[in-house]
Amino acid sequence: MLDANNYLGKMLAERYRLIRVIGRGASSLVFYAEDMMIRREDGSALPVAVKVLDKDSGEYKMNSKSFRTEIHAVVGIPTNPHV
């Protein structure tokens, strides 16, 4: 099982700073994070959601497939400053 304490305050992909957990599933965590490479007009980091899958979970392969489905769904959302 994923332990959020192993991720909080850390950087992923040298880009996303994980701030707090906003969701939890059987084999994943969703974090409120900041994209350190994209800045808003006021200079602050862009807030994003980052989902981390538990690679040690027996459900990882199934979740990887559903995760790809989620990615395709998100890509289809029209550009909106609130999404």
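In this predicted model, Phe31 is in contact with residues from several parts of the chain. Leaving aside neighbours within four places in sequence, its contacts include Ala4, Tyr7 and Leu8. Leu18, Arg20, Val21 and Ile22 also touch Phe31, as do Val48, Ala49, Val50 and Val52.

Phe31 belongs to the largest nonpolar core, which has eight residues in all. The other members are Leu2, Ala4, Leu18, Leu29, Ala33, Val50 and Val52. At least two residues of this core come from strand 3 (28–39), and at least two from strand 4 (45–53). The most is given by strand 3, with three residues. In soluble globular proteins, nonpolar side chains tend to be buried together.

The secondary structure comprises one helix and four strands. Along the sequence these elements follow the pattern β-β-β-β-α. The four strands form an open sheet in the order 1-2-3-4, and their pairing is antiparallel. Strand 1 (11–12) and strand 4 each have a single partner strand and stand at the edges, so one side of each has no neighbour in the sheet.

The pairing of strand 3 with strand 4 is antiparallel and runs over nine bridges. Within this pair, Val30 has Lys51 of strand 4 as its bridge partner. The two strands form a hairpin, with five residues between them. Gly43 lies in the turn of this hairpin and has a positive phi of about 90°.

Strand 1 pairs with strand 2 (residues 16–24), also in the antiparallel sense, over two bridges. In this pairing, Leu12 stands opposite Tyr16 of strand 2.

The loop between strand 1 and strand 2 contains Ala13, Glu14 and Arg15. Ala13 is not a glycine, yet its phi is positive, at about 55°. A positive phi, near 50°, is also found for Glu14, again a residue other than glycine. With a relative accessibility of 69%, Ala13 is above the 50% cut-off and therefore counts as exposed. Glu14 has a relative accessible area of 74% and is therefore exposed. Arg15, at 24% relative accessibility, falls between the cut-offs of 20% and 50% and so counts as partly exposed.

Arg15 also makes contacts with a later part of the chain. Not counting residues up to four places away in sequence, Arg15 touches Glu34, Asp35, Met36, Met37 and Ile38. For one of these, Met36, the C-alpha atom is separated from that of Arg15 by 5.3 Å, although the two residues are 21 residues apart along the chain.

For the protein as a whole, 22% of the 83 residues count as buried. The exposed area is about 6,300 Å², and carbon and sulfur atoms supply 54% of this area. Among the contacts with a separation of 6 or more, 25% are accounted for by residues 24 or more positions apart.

Definitions and conventions. Residues are numbered from 1 along each chain as its sequence is written. This is a predicted model: local features need pLDDT of at least 70, side-chain atom pairs count only at pLDDT 80 or more; totals for chains, interfaces and linings use all residues. Side-chain values use heavy atoms; hydrogens and water are left out. A nonpolar core is a set of buried Ala, Val, Leu, Ile, Met, Phe, Trp, Tyr and Cys residues joined through side-chain atoms within 4.5 Å. Buried means under 20% relative accessible area, exposed over 50%, partly exposed in between (1.4 Å probe, protein chains only). Contact means heavy atoms within 4.5 Å. Accessible areas come from the Shrake-Rupley method with a 1.4 Å probe; for residues, only the protein chains shown count as cover. Two strands pair if DSSP finds at least two bridges between them.
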